[in-house]
Structures are given as C-alpha cells and as structure tokens.
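Colleague: Could you take me slowly through one part of this model, the place where the two chains meet? I would like to see how the pieces there fit into one picture.

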Amino acid sequence: MKCNLCNRETLTNTSRFCRYHEESYIKLKSGYIKWQYAYGKLDWFIYLEKVEKRSETGIWVKECCVFLKKDKENFLN
Amino acid sequence: MSIISNYTQYTLVICEKPDVAERIAEALKEKEFKISKYGKVKVFFVINNDKTYVICSALGHLYTVSDPLKKRYVYPVFDVEWFPLHKINKKRLEISQRIDIIKKLAKNANSYINACDFDQEGETIGFNILKYACGEKQNLALRTKFSTLTNEELRTAFRNAENGLGNGLAKAGRTRHIIDFIFGINLSRALSESYYLSNIGYKMITIGRVQGPTILFVVNKEVDIRTFVPLPFWKLYAKLYKDGSILIADYKKKRITKKYDVQYIKKNCRKQNGIVTKIIESLYNQIPPFPFNIGDLQKDAYTLFGYSPSQTMRISEQLYLYALISYPRTSSQKLPPSIDYNKILNGLKLNKLYRQNASEILMGKMIPNEGSMEDSAHPAIFPTGNIPKRKLSYIEFQLYDLIVHRFFAVFGEDAHKKSVTVTVDIAGHLFNICGKQTLKDGWLKYYMKYIHIDEKSIPEFIEGEKLVQLSVVSEEKFDQPPSRYNQRSLLKKMEEEDIGTKSTRADIIKMLYARRYISNDNIFATDIAFSVIEVMEKYNPKIISTDMTRQIENNLEKIACLDLDESIVINDAVDQIYESLLTIKKAEKVIGINIGQAFFRTNIEQNFLSSCPICKNGTLSIIRSNKTGKRFVGCNGYSEGCPASSPLPQKGKIIVTGKICNFCSWPIINIIFKNRPWNFCINVKCESKKVKKDEM
C-alpha cells in the first residue's frame with residue numbers, strides 16, 4: 001500500500017500514511033490536546049487550519065493538515 | 001641522480017609533504033643545503049654532525065588499498081592489497097615519479113628516518129613508503145617525533161629519533177584503511193549496481209562506515225523538522241518606571257501555556273504598582289577557555305569567520321608548515337611545560353600586535369587552564385612564537401590571530417562576574433529584573449575580540465522600594481522547530497558520538513555535499529539521503545548505527561596500543577558486512593528503483609528555478625548538457641516546442657534565490673565566484689539589461 005501523501009509504503013495495510021506522515025499525524029493529534037489546553041475550546045478543523053498556516057510547522061505536518069481538512073469536505077459532501 | 005652519486009653513506013629521511021622536507025633541511029643544515037630537482041620533485045642534501053641526510057618527501061599517501069581484480073561491478077570484495085596510488089587514480093601521475101625517486105635514493109642509503117607526521121595517517125604514509133619503495137625497511141627505520149616545525153624542535157627530534165616508536169599507530173592506520181575500504185567498496189558497489197540494474201544509468205552511490213551514521217544524523221534532524229508541530233505559549237513582561245527610566249521585568253515563569261492564565265494575571269496587575277521584595281546578588285567566576293584542539297578550532301572558526309571545517313584544516317596546516325603553529329591534527333587540550341611557554345611568549349613579544357599581552361602573561365604565574373582531552377602524539381594547538389617570514393593572507397592571519405589570542409586566554413586569570421536578580425511583586429505576581437556585570441576582566445581581556453560578553457547594567461534597588469507600573473504586556477509565541485545542523489554543529493555531533501577521527505570528519509562532511517546527500521549551509525537532507533538511509537535501515541542497519549563504528553574506533557585504539565591483533569578486527573568487519581550484502585543482492589532491483597526515484601526528485605528539487613514565463617505550463621530548471629557538459633537553463637516543455645532557454649556562467653556556485661525579475665518574470669539567480677556573490681536575471685534579452693546598457 002502506498003501512502004496517501006507520498007510514494008512511500010504505508011506502515012501497515014490498514015494505515016493511510018507512511019512512517020513519516022504517520023509520525024506527523026500522531027504529533028498533530030497530541031498537539032491538538034495541548035492547543036485545546038492553551039486556547040480553551042478549539043475545533044479540530046480550525047486547529048488544522050491554524051497549524052497549517054504557521055511557518056514553524058513541518059512540511060509533512062502541513063501535508064497532513066491539507067489531507068485531513070479534506071475529510072471535512074468529504075463529510076459535508 | 002647526479003648529486004646522489006657523490007654520496008655513498010647517508011640517511012634517507014622520509015617526510016609527508018614537500019614543505020616539511022624543506023623545513024627539516026633548513027633546520028638540520030650547518031652551513032647550507034643542496035637541492036636536486038627531479039622534475040617537480042625536490043630532494044635536499046644536508047650535513048649535520050658529520051652525518052649526511054638525504055631528505056625526500058611524499059605527497060600525502062603514495063600507496064592506497066584497492067581491489068586487485070579492479071572489476072567495477074563485482075562485489076563482495078574481501079581480498080585487498082596496497083597499490084601505488086597512481087595505479088588506482090590515473091590522475092595522480094606525479095606519484096609515479098616520486099616513488100621512482102624514493103626507490104633510487106633508498107638503494108644507496110645505509111639508514112632510514114621516518115619523519116612523517118606523528119599520528120595514524122603519518123605513520124601509515126611513512127610505513128608504506130619504507131615497506132614498498134625502500135624494500136621492507138619499516139622495521140629498521142628510526143622515528144622522529146615533533147609537534148612544531150621550529151628549528152630547535154626539529155633538531156631535538158632528529159637527535160632523539162628512535163626505533164619502533166610508531167609501530168602500533170602504523171598497524172592501526174593500515175587497519176583503518178583496509179576496514180574503510182572493505183565497507184566502502186562493498187556497500188557502494190552494491191548500491192551503485194542496484195541503481196544500474198534499474199535501467200536508469202550508472203551513478204556512483206557511496207556509503208561508508210562513518211558516512212552512514214553521519215547521514216543518519218542529518219536525516220533524523222530533517223524528520224524532526226518536517227514532522228514538527230508548534231505549540232503556543234505566552235511571555236509576560238511588566239514595564240516599570242524608576243528614576244526617569246523604563247525597566248522591563250520578566251514574569252517569573254518563562255512560558256505560560258494557557259491563554260486564560262495570561263488574561264487573569266494581566267487583569268490582576270492592572271493599575272497596581274510593584275514592590276521590590278527580594279534582591280539576590282551572586283558573584284561567580286568565569287574560568288578561561290581550554291587550549292584549542294582541532295575540533296574546537298574548527299567550530300570557533302566556523303562561528304567567527306564562517307570557515308568550513310575542511311577549510312580550517314587546510315589553513316591551519318599551512319600555518320603549521322610556516323612553523324607558526326604546532327601540529328593542528330590533535331585532539332589534546334593540554335599544553336605541557338615542555339613546549340616552553342617563556343620562549344613562545346618572548347617570541348610573540350617581538351610582534352607589536354601581541355607585545356602587550358605577551359609581556360603581561362610573562363609576568364604572571366603562567367599556568368594554562370587545560371581541558372581533559374588528551375592525545376598521546378601531540379599537545380594542543382599553540383603558536384610557536386616565530387614571526388611570519390612572509391605576509392600572511394587575510395584568512396591565514398585571521399586563524400593565526402585567533403590561535404594566538406586563545407593561547408593568551410588560557411593563561412589568563414578567572415574573570416569575576418556579578419549577577420543581580422531583583423524580584424518585583426505586582427498584586428501577588430512576581431516579576432524579575434536581571435542584570436549582569438563584569439567586575440574583573442581576567443582572561444576576557446585577551447579574548448575580547450572573539451567572545452560575546454553578555455552585560456546588562458541595572459540601577460540600584462532597595463527592598464521594599466515601590467516602582468510605578470506602566471503596563472503588563474503579553475506576547476504570544478510558538479515553539480521553534482529544531483535548528484538544522486550546520487558544518488560546525490554536525491562536526492560537534494560527530495565528535496560527541498565519537499565517530500570518525502579528528503583528521504577525517506571535515507572530509508566526510510565535504511564528501512556528503514559532493515555526493516548530494518546534503519545541501520545548503522544550514523544542512524538539508526536530500527531525498528537521496530533519505531533513500532539510502534531507508535535502504536540501509538532495511539538491509540544493513542548496523543552500518544548506520546554509531547555503535548558499530550564506535551566499536552571499530554575503540555578496536556583501532558587498542559591496535560595502536562598493541563593490545564589487539566589487527567586480523568581479528570578485519571575478520572570481524574568482513575563477517576558483519578557479508579550477511580547484509582547477501583540481502584542487498586536479493587533485492588537489488590527494488591533498491592535501485594527507489595534510489596533512482598530519489599535522484600530524480602532531488603535533481604528536480606535542486607535545479608528547479610521557476611515556472612516557465614514563455615509557455616506558462618512548463619518549469620525552468622538548470623540542465624547540464626550530456627554532449628558538452630555545460631550548464632544552461634531550459635524549460636521542460638522543450639519537447640512540446642517551448643523555446644525558453646538561457647546560457648549560464650560555467651564557473652561559480654549557483655544559488656537559487658526564488659526571486660523573479662520585475663521586468664521579464666524570468667528567475668533571478670545568485671552566483672558565487674571567488675567569494676563574490678552576483679545576483680542577476682538569467683534572461684539574456686531582459687529589459688533591465690537594456691536599461692543598464694543605455695545608462696552606460
């Protein structure tokens with residue numbers, strides 16, 4: 001299985017990402033808890049939007065954000 | 001060999017470099033020495049104490065390890081032999097003449113002295129020449145040991161030359177070459193062959209015992225940066241008013257991780273004045289720095305002057321050859337009294353730039369502040385006290401001046417400093433005003449030029465004093481991603497992890513740039529680096545582990561101390577690599593495709609300039625012509641008829657700026673040639689160029 005974001009193999013047959021994008025995704029999720037603590041209530045998709053815009057954010061995390069934001073579009077459609 | 005026929009009994013002296021041979025001849029001569037030139041090779045004839053010395057030199061290594069079969073695609077290779085360098089590297093033809101001359105000189109010699117640098121590499125160079133060019137004289141030869149090229153030290157070294165001094169070092173050096181060759185040739189051939197089998201073409205892909213872990217450091221850092229999620233935090237400051245000036249006090253917690261807390265503190269502090277509740281003054285000493293070893297010198301030269309580690313190594317070796325500094329390839333942080341501090345400082349006193357500092361230190365106790373690192377062969381780097389006989393170039397002077405000032409600094413007294421922390425209470429919230437002051441310069445006065453002194457003076461306070469609060473300000477911040485390695489910090493990491501040697505680390509980093517595993521001054525790992533590391537992790541994780549390479553370094557140390565037999569270490573290395581070569585062989589094609597794709601992506605990434613301003617669909621990138629080898633800019637829509645192309649200067653380093661020309665929308669690039677940067681639009685027909693011509 002190929003990663004949804006690059007050409008690398010996924011970690012397992014069920015995962016969507018390669019090792020690097022999976023690591024980014026895990027860090028995004030743990031970051032979300034800390035951002036929620038920092039700002040109070042924070043919607044997941046708004047969080048993704050904010051993280052993606054920051055210049056400090058890693059390129060693979062940004063790619064994850066773009067991909068995960070599409071989930072919302074998928075839900076809405 | 002006209003002059004040589006006049007001599008029948010002489011001692012043949014083997015030096016590592018031509019300049020060293022000349023300096024030795026200069027030091028040993030009683031009246032004058034004779035020089036014979038054979039092509040480009042100089043041989044010196046000197047009489048000293050009724051003994052005749054014939055001094056010749058190598059050019060670094062004259063012999064190298066290689067594969068006797070010399071079949072580029074064949075691996076594994078475990079049978080290796082030493083060959084004259086020119087037989088392996090056809091570009092080094094001058095080596096052939098040098099070896100021939102040494103062979104002829106060796107025929108009439110009745111004794112031999114190995115005067116190469118006293119370290120593993122020097123010992124290996126001397127050993128191989130005595131073994132192969134002089135006919136197995138390595139066990140008969142005497143060995144000199146010197147750390148500077150001053151006349152006195154060289155004469156003493158020749159008086160005290162002894163037999164068998166560097167046997168262990170030679171064994172360790174030769175073993176290192178063999179192991180590195182076995183690792184390098186097999187893994188590099190395996191990867192290159194895999195690449196070739198994927199039908200993309202042939203490319204030299206190298207990986208080695210030290211290269212592997214070093215690439216891994218950079219790749220790991222790149223992963224940390226690319227997977228970085230910034231976390232928010234806040235900083236709080238209070239602006240306070242005292243005696244006509246505004247003071248900034250930091251909130252006691254450096255980072256506040258909750259926005260609500262910030263708002264709460266600000267609300268509480270509103271319109272409240274501060275009271276000084278505590279004043280803590282502390283006095284402390286700042287001890288002088290340690291003497292330079294090569295690693296520290298390379299790191300400081302990078303920070304202060306921007307010299308790469310290999311550049312620093314080159315310049316410092318030049319200074320050593322001028323007899324201005326001691327042997328630079330040392331890991332020692334010790335300056336033993338035997339180097340004669342008095343003589344060095346009196347020598348430096350003759351230079352008006354250093355007169356005052358040297359005189360001051362001569363009047364002191366003259367005890368250097370030494371570090372813990374030792375090197376059995378050489379002391380730390382120190383100036384010899386000789387006055388430069390020729391004008392130093394700017395970069396040579398910068399490095400020399402740094403070494404001299406460091407030498408002064410290690411003899412300096414401790415600097416005395418005072419730090420003051422004033423705690424101000426505003427409505428129960430504590431803020432700190434901090435100050436720092438130097439009370440006594442000590443060693444700092446000798447090193448002022450090369451050190452940043454962090455000073456902040458604050459007014460006098462008394463406990464219970466009231467301060468008017470002007471405002472409490474918050475600042476939203478985000479964590480920064482880890483800093484990329486630069487050449488300095490990568491070198492430091494290699495030192496910390498104990499991989500490579502003081503002499504080879506700089507060259508390894510240079511090699512990683514040449515092989516395109518890394519790019520930029522702030523080091524990026526390329527896709528090629530990722531791809532090679534992924535292959536190695538899968539098929540030979542040991543080669544990129546620091547444990548293995550560190551283990552080999554430890555074993556080499558034991559060989560140098562004659563505590564371990566070299567055959568055990570070589571056989572162990574062969575066993576380690578054999579298994580992994582088998583697994584790579586089975587997966588050659590897949591590996592080749594992966595690495596090939598990585599090369600393709602890296603090429604695009606590194607050579608991409610901008611989207612094409614002519615066809616609007618393609619992209620402009622730097623292309624190298626297969627026919628002529630020249631570089632130019634072209635559009636990848638060329639096959640669809642896009643005519644966009646432009647010549648490029650063939651010399652200099654191209655840096656992609658990412659900027660677009662305001663006149664024609666073509667990319668602007670930066671070329672660095674002879675240290676001079678030059679920005680220009682690559683479009684030859686650009687209007688901006690016409691404007692400049694018209695102005696002229």
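Modeller: In this predicted model, a salt bridge links A:Arg19 with B:Glu537, and the closest N and O atoms of the two are 2.9 Å apart. This pair is one of two salt bridges that the rule finds across the interface of chain A and chain B, and the count of residue pairs in polar contact across that interface, with both residues at pLDDT 80 or more, comes to 12. If you now look at the side of chain A that touches chain B, you will find that helix 1 (19-39), helix 2 (44-53) and helix 3 (59-76) of chain A each supply at least two of its residues, while the largest share, 12 residues, comes from helix 1 of chain A. Sorted by kind, the residues on this side of chain A divide into 11 nonpolar, five polar and seven charged, so charged residues such as A:Arg19 are part of a mixed surface by the definition used here. Taking both partners together, the contact draws 23 residues from chain A and 23 residues from chain B. Between them the two chains bury about 2000 Å², and 58% of this buried area lies on carbon and sulfur atoms. When you trace the contact yourself, it may help to begin at A:Arg19 and B:Glu537, which form the salt bridge already described, and then to follow helix 1 of chain A, which gives the largest share of the touching side of that chain.

Definitions and conventions:
Residues numbered from 1 in each chain as written. Chains lettered and ligands numbered in written order. Predicted model: local features only at pLDDT ≥ 70, side-chain atom pairs only at ≥ 80, totals over all residues. Heavy atoms only, no water. Contact = heavy atoms within 4.5 Å. Buried area = accessible area lost by both parts, 1.4 Å probe. Salt bridge = Lys/Arg side-chain N within 4 Å of Asp/Glu carboxyl O. Polar contact = N/O pair within 3.5 Å; in protein donor to acceptor, adjacent residues only side chain to side chain. Helix = DSSP H or I, 4+ residues; strand = E, 2+ residues; numbered from the N terminus.
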